[in-house]
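Let's take a friendly walk through this structure, from its overall build to its core, its charged pairs and a piece of its surface.

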Amino acid sequence: MLNRFAKVLVITLMGVVALPATPVLAVQPDEVLSDPVLEGRARELSKDLRCLVCRNENIDESNADLARDLRLLVRERLVAGDSDTEVIDFVVDRYGEYVLLRPTTTGANWLLWAAGPLMLLLALGLGAGYLRGRARAPGTAEAGLSPEEEDRLRKILDE
C-alpha cells in the first residue's frame, strides 16, 4: 500500500514540476499558416507583442479574442509580403507602443528607462548629504550634574 502511494506521489510531483516548463500556446489550428517559414516568423513576432487584455502575456500565449485578432493580423501582414519590421510598425501604429513587450528606448521612453538609475543616484546623494551634515553638526554638550544631584548620587551609591 505504501509503495503504491509513493509511486503515485512521485508521478504527481513530476507532473507538477514539469507543468511550468511546458509552454501553453493559445494559437488555434485554423490560425496556423501552411508555410512553415512564415509561421515561424509569425511566432517570433508574436512573442514580442503584448496582449492588450491580459497585459503581461504575449499574444501567442493569450486566449483573449483581441490576442487572436492580433495573431491573425500578424499572419495576414506576413502573407501580404511585409517584413518583420513593417508588421511590428503596422501593429504599433494601430494599437500604440504599449503593445510591445520590450518598449523602445527612443522618444519619451528614454526617461522611463533612465528613471530607475537616476532615482538611485538621487537617493545616494541625499543620503550622503544627510550623513555629512550630521557629522559636521556641533555636538550638544551635556551639562554636568548639579551639586545637589551629585550628593544624592553619592548617597545612593553608598547605601
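## Overall build

The protein has six helices and zero strands, so its elements read α-α-α-α-α-α when followed from the N terminus. Please keep in mind that this is a predicted model.

Of the 159 residues in the protein, 20% are buried. The accessible surface comes to about 12,300 Å², and carbon and sulfur atoms account for 62% of that. Looking at contacts between residues at least 6 apart in sequence, 50% join residues at least 24 apart.

## The nonpolar core

A good place to step inside is the largest nonpolar core, which has 19 residues. Within this core, Leu-49, Ile-59, Val-74, Leu-78 and Val-91 touch the most other members. Three helices each supply at least two of the core residues: H2 (36-47), H3 (65-79) and H4 (84-95). The largest share comes from H3, which gives five residues.

Leu-49 is worth a closer look. Setting aside neighbours within four places in sequence, Leu-49 is in contact with Glu-57, Asn-58 and Ile-59, with Val-74, with Ile-88 and Val-91, and with Val-99, Leu-100 and Leu-101. Two of these partners may sound familiar: Val-74 and Val-91 are, like Leu-49 itself, among the core residues that touch the most other members.

## Salt bridges within helices

The structure holds nine salt bridges. One of them joins Arg-43 to Glu-39, with 3.0 Å between the closest N and O atoms. Both residues belong to helix H2, where they sit four residues apart, about one turn of the helix. Are the two partners buried or exposed? Glu-39 is buried, at a relative accessible area of 8%, while Arg-43 is partly exposed, at 24%. The cut-off for buried is under 20% relative accessible area, which is why the two residues carry separate labels. This pair also belongs to a network of salt bridges that links Glu-39, Arg-43, Asp-60 and Arg-75.

Helix H6 (residues 147-158) offers another pair, Arg-154 and Glu-150, which are four residues apart and so separated by about one helical turn. Their salt bridge has its closest N and O atoms 3.9 Å apart. Here Arg-154 counts as partly exposed at 47% relative accessibility, and Glu-150 counts as partly exposed at 34%.

## A link between loops

Asp-48 and Arg-102 also meet through their side chains, in a salt bridge of 2.8 Å from N to O. Which parts of the chain does this pair link? Asp-48 lies in the loop between H2 and H3, and Arg-102 lies in the loop between H4 and H5; the two are 54 residues apart, so the pair links distant parts of the chain. Asp-48 is partly exposed, with a relative accessible area of 26%, whereas Arg-102 is exposed, at 62%.

## A nonpolar patch outside

Our last stop is on the surface. Leu-118, Leu-120, Leu-121 and Leu-124 form a nonpolar patch there, and together they have about 420 Å² of accessible area. Leu-120 has its place in helix H5 (residues 109-136). With a relative accessible area of 52%, Leu-120 is exposed, because that label applies to values over 50%.

Definitions and conventions:
Residues are numbered from 1 along each chain as its sequence is written. This is a predicted model: local features need pLDDT of at least 70, side-chain atom pairs count only at pLDDT 80 or more; totals for chains, interfaces and linings use all residues. Side-chain values use heavy atoms; hydrogens and water are left out. Patches are made of residues with over 30% relative accessible area and no salt bridge: like charges are joined within 9 Å, nonpolar side chains (Val, Leu, Ile, Met, Phe, Trp, Tyr) within 5 Å. Accessible areas come from the Shrake-Rupley method with a 1.4 Å probe; for residues, only the protein chains shown count as cover. A salt bridge is a side-chain nitrogen of Lys or Arg within 4 Å of a carboxyl oxygen of Asp or Glu. Buried means under 20% relative accessible area, exposed over 50%, partly exposed in between (1.4 Å probe, protein chains only). A nonpolar core is a set of buried Ala, Val, Leu, Ile, Met, Phe, Trp, Tyr and Cys residues joined through side-chain atoms within 4.5 Å. Contact means heavy atoms within 4.5 Å.
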